[in-house]
Amino acid sequence: MKKITRRDMLAHSSRIAASVGIGLPLLSQVTGGGAPGTSHKIKVVVAGAHPDDPESGCGGTIALYSDLGHEVVVLYLTRGEAGIPNKSAQQAAAIRTSECQKACAILKARPIFAGQIDGNTELSRSRYDDFGKLLQAEHPDIVFTHWPIDTHRDHRAVSLLAYDAWAQSRKSFDLYYFEVDQGSQTQQFYPTNYVDIGQTESRKRAACFAHASQQPETGFYQLHDKMNHFRGMECGCDLAESFVRHCQNLGTSLPQR
Ligand SMILES: [Zn+2]
């Protein structure tokens, strides 16, 4: 085994620092050189498997983008049909669609739905084509989706659908991955980028709490609260969300406040 020297440790630390620096880019990189309120706006799409995934994975970042005047679309692969005990798929979908609309209003984002069924998502040629068309119709500059190593099949499905759309479009947008329920769902996730969400965590929390059918206060938000603090410690702020950036991105960066 190679002995780790102090020099190795310092080199490793400087690489981490560089990565954090890249992860908290200047606002001008997000706006393409313009300032908030100018004509250069970007289109952000956040693709999640179920209602509450986009909000818990990157609700703070979504709020930052919308506050800066950029357009954010939240794309839900399903309507959470399997997510409420003792409710039919149709009843659960209606309740959870309403919760999505409330959450997106809080984040100033627009919800769209890809029409697959919670717990029964499919990957096929036609599903890839349909998802690609839906995504391309939005003309995104940047897309966030689930990290593909995840215990939930639906999370893996939307991750691959978004990746395929990116590849088929000849990498026409930048691709970033987010994490949900770190450890129990997302696994093997080593961030390349961080976003300080200290200013927007209260709206992220409110958007997650809009999903009342999922009992966020005793369930998933407890874990995400810990994740926000842990990622904040990693990058030197109080609260953060973290992402893995596809290395072949064109260069659209993440927001900073
Ligand atoms: Zn989910």
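The questions and answers below concern a predicted model of a protein with a zinc ion. Local features need pLDDT of at least 70 and side-chain atom pairs pLDDT 80 or more, while totals for chains, interfaces and linings use all residues. Residues are numbered from 1 along each chain as its sequence is written, and side-chain values use heavy atoms, with hydrogens and water left out.

Me: Which residues coordinate the zinc ion, and at what distances?
Reply: Donors are N, O and S atoms within 2.8 Å of the metal (3.2 Å for Na, K and Ca), and as water is not among the atoms, sites may look incomplete. In sequence the donor residues follow the spacing H-x2-D-x101-H. The zinc ion is coordinated by His 50 through ND1, by Asp 53 through two OD entries and by His 155 through NE2, at 2.1 to 2.6 Å.

Me: Why is the arrangement of the four donor atoms around the zinc ion classed as it is?
Reply: Four donors count as tetrahedral if all angles lie between 85 and 135 degrees, and as square planar if opposite donors are over 155 degrees apart and all others between 65 and 115, with anything else being irregular. Because the angles subtended here run from 54 to 135 degrees, the arrangement is irregular.

Me: Are Asp 53 and His 155 buried or exposed?
Reply: Buried means under 20% relative accessible area, exposed over 50%, and partly exposed in between (1.4 Å probe, protein chains only). Asp 53 has 5% relative accessibility, and His 155 has a relative accessible area of 1%. Both residues therefore count as buried.

Me: In what order do the seven strands of the open sheet lie?
Reply: Strands (E, at least two residues) and helices (H or I, at least four) are DSSP runs numbered from the N terminus, and two strands pair if DSSP finds at least two bridges between them. The pairing in this sheet is mixed, and the order is E3-E2-E1-E4-E5-E7-E6. The strands that pair on one side only, at the edges, are E3 (110-116) and E6 (193-196).

Me: How do strand E5 and strand E7 run, and which residue stands opposite Tyr 176?
Reply: Strand E5 (residues 174-178) and strand E7 (residues 240-245) are joined by two bridges and run antiparallel. The residue in E7 that stands opposite Tyr 176 is Arg 245.

Me: What percentage of the contacts between residues at least 6 apart in sequence join residues at least 24 apart?
Reply: A contact means heavy atoms within 4.5 Å. Among contacts in the protein between residues at least 6 apart, the share that joins residues at least 24 apart is 79%.

Key. Tetrahedral: all angles 85-135°; square planar, octahedral: opposite > 155°, others 65-115°.
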